[in-house]
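Subject: Handing over the structure

Hello,

Here is the structure I promised to pass on to you, with the sequence beside it. Please open it first, and then read the notes below with the view in front of you.

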Amino acid sequence: MTTIKSPEKPRHIDERINRIGTDDLIKAFGAPASVEDLATLRSFVAGRLRRPAWPLREWADAIRSTPAADAVLVEAAPLLTGVDVTGREHGRSRRYGFHYLGWLAPGVHAWLLTGDDRYLRAFERHLENWVEQRDSVTGEWPGLDVIWYSLGTWARCRSLLPTLEVLTESAMSDRAWGRLVTTLVGGARWAYDEHDVFRHGNWQLVCATELLHISAVLPDLVEAESWAARARERIDEHLLLDVYADGGHYERSPGYHKMCLTALQTAAVIDRRFAEHPKLTAMHEWLCELASRGGWVPHLQDSHIEWPALSLLRGSYVLDNPVLARTAAQWLTPEAFNTEAVMLPAWTDLEQQQRWLNTVATAYEHQLPAPPRSTVLADSGYAILRGDDLRAVINYGPHIEHELESHSHRAVLDLVLDGWKQPLLWEAGGPPSYDDPEYLTWYQSGRGHNSVLVDDQELGTERGVSIDPLVDTGPVAVFSGRHSGNVVPQARTIAMVREAPAFVVVSDTAATDGHVFRACWQALNPWHQVGPLAYDAAAPDGPGLLLIEAGPTGATTVETTEGVARRPLEGGFAEYGPLHSLVFTRAHGSFTTVLLPHEGALPATVRVTRDDGVLTIDHEAVVDRIGASSWVRTVNGQLSWATGWRVRELSGAEELLFRSTAEVDVAVTSANGELRFEVTCTSRCGLWVRHGLSDRGEVPAADRSPAGGSDGGRRLLLAGVPVDAESEGGWSHLTLPYAGRWTIAGARHE
């Protein structure tokens, strides 16, 4: 790990924070006349305490007598025997996480679910023990206190503040209750002092939301008003500067994005102004864009695999947005959906509460529209290409700094591919712990991603990425980009054909030879060679991925290695397992990789050839011919469709079909002798479309019109409007009047 300076302000821990006595605590509440000790203070607070954003009573009622309740009892069991509250057995990073006290809250949860006071006493005992020993605990990050730092104060408040409502009127001792409150107050004071100016990252954002939360739950605290003002100021700044216009969080990590979104949902419940902020809506939509048909988001940039359904359902409640609940419903059983919905507290606004009840009752009745065929999250740096069963997520974003160490992985223009709700092309993702010895050498390293390495060096932080506008012609979507983060400039094009048989072609080039280039490909199942430079990785019952390297000839060595990565499982879980690497090594940086997914366990018969720059993928009846900027598909020897991007002309199987005065994207489909063109242009332009002759070389009589021209006029449909096009030599000419996507129908191809 890199040695770095403290990411936070110089130490500012004093008796106001970690030595709050009874008199100090009474003064913190304004020294009410009726209060003289902890017991009377507790009585005062009980009558004025406001509900937390996510109350525990509703939660306990919702999950009681369910498997979720059983899981809580399992979590709480260690508290009944004993816990080393110093966390000394944990590693450098995990020791900080231990003092978030997430392990302690299940004691209250189990007590609520069972009424068994053993859990309450265990919670009380361990809390007091922790308070007594916490000042003796030291961390290993330079200048970063293991107890009093941003994530610690945020996480403890998030975990312990909801317990205050149920514990204030419980059999918990006054002494333990007082220590619970002083822990919360001390943390809020530290956070207020720490976050007096904006700084990027998830730490400050989530910390600010809990500062707002405690000020709302305990409004009689003298400092509550100033805490709330500072919290609102920081949250506003983060929504402006730390959330991209496309909804992504600054660090580009789905896991940290979801963490920040959860915190902002809390803020939005407390202050409805945040619920109305367009960035909060965009953050929910960002998760929807990255979610697979299986309901999970890939573990990009140090993330876990995220399952956003419950977050989206809660977002529907917070934002008064029924579409988010309908989106969540596609991935949740009705039982799980309703369990989550009923644990959310009723709105005091009766009309809003009725809308929420209607949303819950009708969520499964609405059919969601199909997702867009392609999406570019331009600020976050992700492009998503979608087919009926396939989806590719491409990373082209920047390296982003972080409070301690960047969560940005050392890969760019890399991709993951999923199909039939399963990962097909995967990556290392986030580690079990940042103390993992392979954190930097595997999980963050380019060798754990689907990318090209040069001379075994890691990608630099300055990547110099540039991309071309995404091409989506309908049958084919094409992403192209370049970067200079390695020792030589590199370029990559990723093209997906959507119509069955659907597949992806990845073309890599480098500006120079004379280096060692390694193209790395990752799958959850072992790679088996099935032909020359052809390998298949498949689950026993499918799906699988056939990979064929068809790049320029040259000496190529192939090796397979094994790493570790999480994989999504049924029911919203993930577990670590093997990740299998297939590595092609060459002395030049040109690779053409054909990725052929298959739903079953065995790949289809396919032949891949390359001739004079044209790549041919022969599936027997279906043949694809792919050029530098064109793709043509024939079925049983007949043209099915052809498409080109940034072209002035386009050929079909054997003849020229289209010409233009400017570079355009064009797709041509052929059915029953009629051609249909879809053309995307960036400005007014002229074009010619093939309007074939009869066997005698004459214009078919039905196509003639008074428009004139050597062959007479041809009547075509431009955007559905009949127009007379000038015709000559089997071609019809017309003008696209301005930039846009245009359809041209009615051309005959005899």
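**The cavities inside**

If we sort the lining of the largest cavity by residue class, we find 8 nonpolar, 6 polar and 5 charged residues. Please keep in mind from the start that this is a predicted model, and that everything I describe here was computed from it.

To put that cavity in its setting, the structure holds 4 cavities of 30 Å³ or more, and the largest of them has a volume of about 150 Å³. Its lining is made up of 19 residues, and those that lie nearest the centre are Val 412, Ser 451, Val 452, His 483 and Asn 486. Two elements, β6 (452-454) and β10 (490-497), are the ones that give two or more residues to this lining.

The second largest cavity has a volume of about 100 Å³. It is lined by 13 residues, among them Thr 153, Cys 157, Leu 184, Gly 187 and Ala 188, which lie nearest its centre. Here the elements that give two or more residues are helices, namely α9 (150-167), α10 (174-194) and α11 (202-217), and of these α10 gives the most, with 5 residues. By class, the lining of the second largest cavity has 8 nonpolar, 3 polar and 2 charged residues.

**The domains and a pocket between two of them**

The protein is divided into domain 1 (30-199), domain 2 (243-371), domain 3 (374-627) and domain 4, which is written in two pieces as 630-692 + 714-748. If you take the centres over C-alpha atoms, domain 1 and domain 4 are separated by 68 Å.

Where does the second largest pocket lie with respect to domain 2 and domain 3? Both domain 2 (243-371) and domain 3 (374-627) give residues to its lining, so the pocket lies between them. About 800 Å³ of space lies in this pocket, and its lining counts 30 residues, of which Cys 288, Gln 330, Pro 369, Ala 370 and Pro 371 lie nearest the centre. The elements that give two or more residues to that lining are α15 (278-290), α17 (322-329), β3 (390-395) and β4 (414-419), with α15 giving the most, at 4 residues. When the lining of this pocket is sorted by class, it has 12 nonpolar, 8 polar and 10 charged residues.

**An annotated region**

The UniProt record, which is an unreviewed entry, places the feature "domain: Heparinase II/III-like C-terminal" at residues 371-458. Over residues 371-458 the chain is 6% helix and 32% strand, and the C-alpha atoms at the two ends are 35 Å apart.

**One residue to look at: Arg 518**

Finally, you may like to find Arg 518, which has its place in strand β12 (residues 517-523). Its side chain is joined to the side chain of Asp 456 by a polar contact of 2.7 Å, and the side chain of Arg 518 also makes a polar contact of 2.9 Å with the side chain of Thr 585. Leaving aside residues up to four places away in sequence, Arg 518 touches Ser 451, Val 452, Leu 453, Asp 456, Glu 559, Val 583, Phe 584 and Thr 585. Two names in that list, Ser 451 and Val 452, also appear among the residues nearest the centre of the largest cavity.

With best wishes

Conventions. Residues are numbered from 1 along each chain as its sequence is written. This is a predicted model: local features need pLDDT of at least 70, side-chain atom pairs count only at pLDDT 80 or more; totals for chains, interfaces and linings use all residues. Side-chain values use heavy atoms; hydrogens and water are left out. UniProt positions are given in the numbering used here, feature names are shortened, and annotations may be inferred rather than shown by experiment. On a 1 Å grid over the protein atoms alone, a cavity is a set of points where a 1.4 Å probe fits but cannot get out, and a pocket is an open set with protein on both sides within 12 Å along at least five of seven lines; lining residues have an atom within 4 Å of a point. Grid points are joined across faces, edges and corners, and a volume is the space filled by probe spheres set on the points. Ala, Val, Leu, Ile, Met, Phe, Trp, Tyr, Cys and Pro count as nonpolar, Asp, Glu, Lys and Arg as charged, and the others, Gly among them, as polar. Domain bounds come from an automatic or database domain assignment. A polar contact is a pair of N or O atoms within 3.5 Å; within protein, one must be able to donate a hydrogen and the other to accept it, and residues adjacent in sequence count only if both atoms are side-chain atoms. Contact means heavy atoms within 4.5 Å.
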